[in-house]
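Ready for some practice in reading a protein fold? Work through the exercises below with the structure at your side, and try each task before you look at its solution.

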Amino acid sequence: MRFLLFILFFLPISAINAQNYKLALTENWTFSPKDENQWLPAKVPGNVLTDLYENKKIPHPFDGNNELNLQWISEKHWIYQTIFNLTSEQLKHKNTDLVFDGLDTYAKVYVNNQLILETNNAFRSWKSDIKLLLKSKNILRIEFLPTEEIEWQKKSEIPYELPEGNRIFTRKAQFQYGWDWGPKFNVTGIWRKVYLEFWDSAKIEDVYIHQLRLTENRADLNAEIEILNSKKENQTVEVYLNDKLIINKKMNSNSEKEILPISIENPKLWWTHNLGNTFLYTFKIRLKDEKGIIIDEKTIKKGLRTIELVTKKDEWGESFYFKLNGIPVYMKGANYIPQNSFQNWVKDSDYEILLQDVVDSNMNMLRVWGGGAYEEDILYDLCDEKGILVWQDFMFACAMYPGDTAFLENVRQEAIENIKRLRNHSSIALWCGNNENSEGWHRWGWQDGRSESEKAEIWGNYQKLFNGILPDLVEDLTDSPYWETSPKFGRGDERYISEGNAHDWWIWHDGHPFENLEKNTPRFMSEFGFQSFPSFEAIRFINEGKSTSISSKEFQSHQKHARGFEIIQTYMERDFPIPSNEEDYVYMSQVLQAYGMGKGLEAQRRNKPYTMGSLYWQLNDCWPVVSWSGIDFFGNWKALQYQVKHSFQDVLVSFERKENKLNVFIVNDLMEKLNGDLRVEIIDFEGIVLDEIIQSISVHSNESKSFFNLDLNKFESVKHEIVIKATFKDSSNLYYVVKPKDLDLKNEEIDVQLEKVENGYLIRLKSKTLQKNVMLYSDIPGKFSKNFIDLLPNETLEIHFKTKNKEFKVGNLKKKSVNDFIPRKKV
Ligand code: BMA
């Protein structure tokens, strides 16, 4: 015991902690409009609007139509200030950097009244060595300028107008200027961390675990380590692989970059969660001085995988698919937008919950869309851990951007920084230049009325950035592929269907019927979507807790698409009954969204390998709103999300209707061959089985094929009252011969039984007749394992309701089904 104490006591502290360290500057912040001396406490990271709200100076920005009355906030100059003290020990360090991980956007930074930084890009971090300015008591002051003033100035410097508005001049999240699913809250503030970094002799600036070659037997990697040296002396770099020391190398004094080769025998590969393990290797890089004292340390977790975007001419046109570890993988996923208009209101647990929802919905890819932000590290960490690939857009969306040298240089730095920050993540599958800029230029009338030279200049600037600067950087700095723009061709171009990736907005924006999704399956669908109303919880929130009315002025201001309500109504009339009650209408809008989107998702998957990806628009919301999302702002799954989970199963049974023939497909995304019985049953709404076919089949790995076809003519006389069920292995699917509004559904009770189980309740549902799209809901908070489900006659359906509530009763459970709205009389 004595001996142990002795060791602990004399163990040099630096053997545990590195010499270099960070001091977060999160305390004592106050803010005020410039020259108004109205100082209030502020939170950092944060922004002006949420600080005003938290000081009770403004109402909640998402309530009612408060958005309108809060626009003044962005028009003012704001000052943020803090006082921080340093110890004499801290003042002794040779270097002290002040680092901002993000300032939104135009800011002047003063330390002890000296201007040290002027910033102009929210996507960059900013650093300044302030050693010589520091005292024991220090004032850090930041002045934020309104973006508008600067944007007008920049606009006056070019002789023509660029689409779409002045946001293009400012490098900040573009959705903050308002989007067709988002409010306009163009906020300013210290939106990411701010800290001091103390260091003396040297500092690890960056570590890149560069994968050179990967085979089943061996991985060859380089640890590329950038080191800043302030003192020329002999130092050692150590590399640990999963806590085992594998490299110990004396550095050349003054060297700025060390490249250390690493090889791993029989490496464990990283896969998406649906195809294998998501194993991550831990690389720890340590820098030691000549006495063996640790100066600095960085840890990188990295999965070993190869990723390739295959764009090759083929018999149909040009392919667009991803190969993961040499295997073509169908990408199932969605477009991700920022989780909140105010990033500081997003908690780590929100990322955890949302990304678990992604896994639970059987998705293997997310597209971080270009109108938001290069996301926080935690998003990519979780994607690495959970086995989700990321399609990463650069932050440019739906516009043409300037091309002056200062702008391009600013963007170049932004790209370098973000690529370097994210390149160790195995989840990054693709860097994409922009969202719909090229499509807009070619199809949205942006060229109208411009002279040839103006057009050449604007398109030339586009080329410089998206076919010059960005691909060159991706090539130099990463091992991931680059793609210029999403979509490659707009829907007005005939190559839409045969080449590259596509966005299908014929559905929704152009009003085409959902069935067209079954005809237009492109090589890779990066966006398609349909709006629905959010949960009652979200609607009540918008109406300030008062009601679930969707006709209130407040609620209507949370629909940002000019024709949104009208489009929902038009599509609903085509396929579903129209409820007169507002809550019922909300329900039906979600059923409608799931119905249409399900058609698209499944048609695309059936069409594999021609089509190799389905990313729907959009996964989530940034505030409570009527939108295309599958998961609303409060995390509630809409009917769409349950549909997605179903349509994205690795083994999917799916129906294709060709005239009066029904083909039954099996889509197998797994890497193994499957043998089993395909069972097809034709059942009427009272549960009588009119016909049953069982066929033994064998499905190859990674294939989609029709294994059976059914002549629907045989069922012509009963087509309003039958459902066709096909089952293979654990997967089954249902097909209705006519549209939902033409079904002969009956009004019958649904019997409900409750059983208390771990984490909540088991709900058993049963009915004498087929019940279409049964939605369960409750005022008691909780989550249903399944919802919006078709309940087959006389079958018991079990649903788990996860809740902390211990008093849950049958009376707390509410339900709706399509049956409530169409008691059709038989003719
Ligand atoms: C896509 C997106 C967004 C938009 C959505 C719905 O084109 O890229 O710009 O919100 O359509 O209109």
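**Exercise 1.** Decide how α16 and α17 are oriented towards each other.

*Solution.* The two helices are roughly parallel (an angle under 35 degrees), and here is why.
- Step 1: locate helix α16 at residues 582-606 and helix α17 at residues 639-647; helices are DSSP runs (H or I, at least four residues) and strands are too (E, at least two), numbered from the N terminus.
- Step 2: take the angle, about 20°, and the distance between the axes, 8 Å. Axes are lines fitted to C-alpha atoms, for helices over the stretch in contact, and angles run from 0 to 180 degrees between N-to-C directions.
- Step 3: look for the contacts (heavy atoms within 4.5 Å). Among the residues that meet are Val591, Met597 and Leu601 in α16, and Leu640, Val644 and His646 in α17.
- Step 4: sort the contact residues by class, which gives seven nonpolar, six polar and two charged. Here Ala, Val, Leu, Ile, Met, Phe, Trp, Tyr, Cys and Pro count as nonpolar, Asp, Glu, Lys and Arg as charged, and the others, Gly among them, as polar.

A word on the source: this is a predicted model, in which local features need pLDDT of at least 70 and side-chain atom pairs count only at pLDDT 80 or more, while totals for chains, interfaces and linings use all residues. Residues are numbered from 1 along each chain as its sequence is written, and side-chain values use heavy atoms, with hydrogens and water left out.

**Exercise 2.** Now try the same with α9 and α11.

*Solution.*
- Step 1: find helix α9 (residues 405-422) and helix α11 (residues 452-477), whose axes come within 10 Å and cross at roughly 30°.
- Step 2: α9 is therefore roughly parallel to α11.
- Step 3: list some partners, including Leu408, Val411 and Ile416 in α9, which meet a group in α11 that includes Leu465, Leu470 and Leu473.
- Step 4: count by class: eleven nonpolar residues, no polar ones and two charged ones.

**Exercise 3.** Which strands stand at the edges of the sheet β16-β15-β18-β19?

*Solution.*
- Step 1: note that the four strands form an open sheet with antiparallel pairing; two strands pair if DSSP finds at least two bridges between them.
- Step 2: β16 (244-250) and β19 (294-302) each have a single partner strand, so one side of each lacks a neighbour in the sheet.
- Step 3: check one pairing: six bridges join β15 (residues 236-241) to β16, and Val239 stands opposite Ile247 in β16.

Definitions and conventions. Angles under 35 degrees count as roughly parallel, over 145 as roughly antiparallel, 65 to 115 as roughly perpendicular and the rest as oblique.
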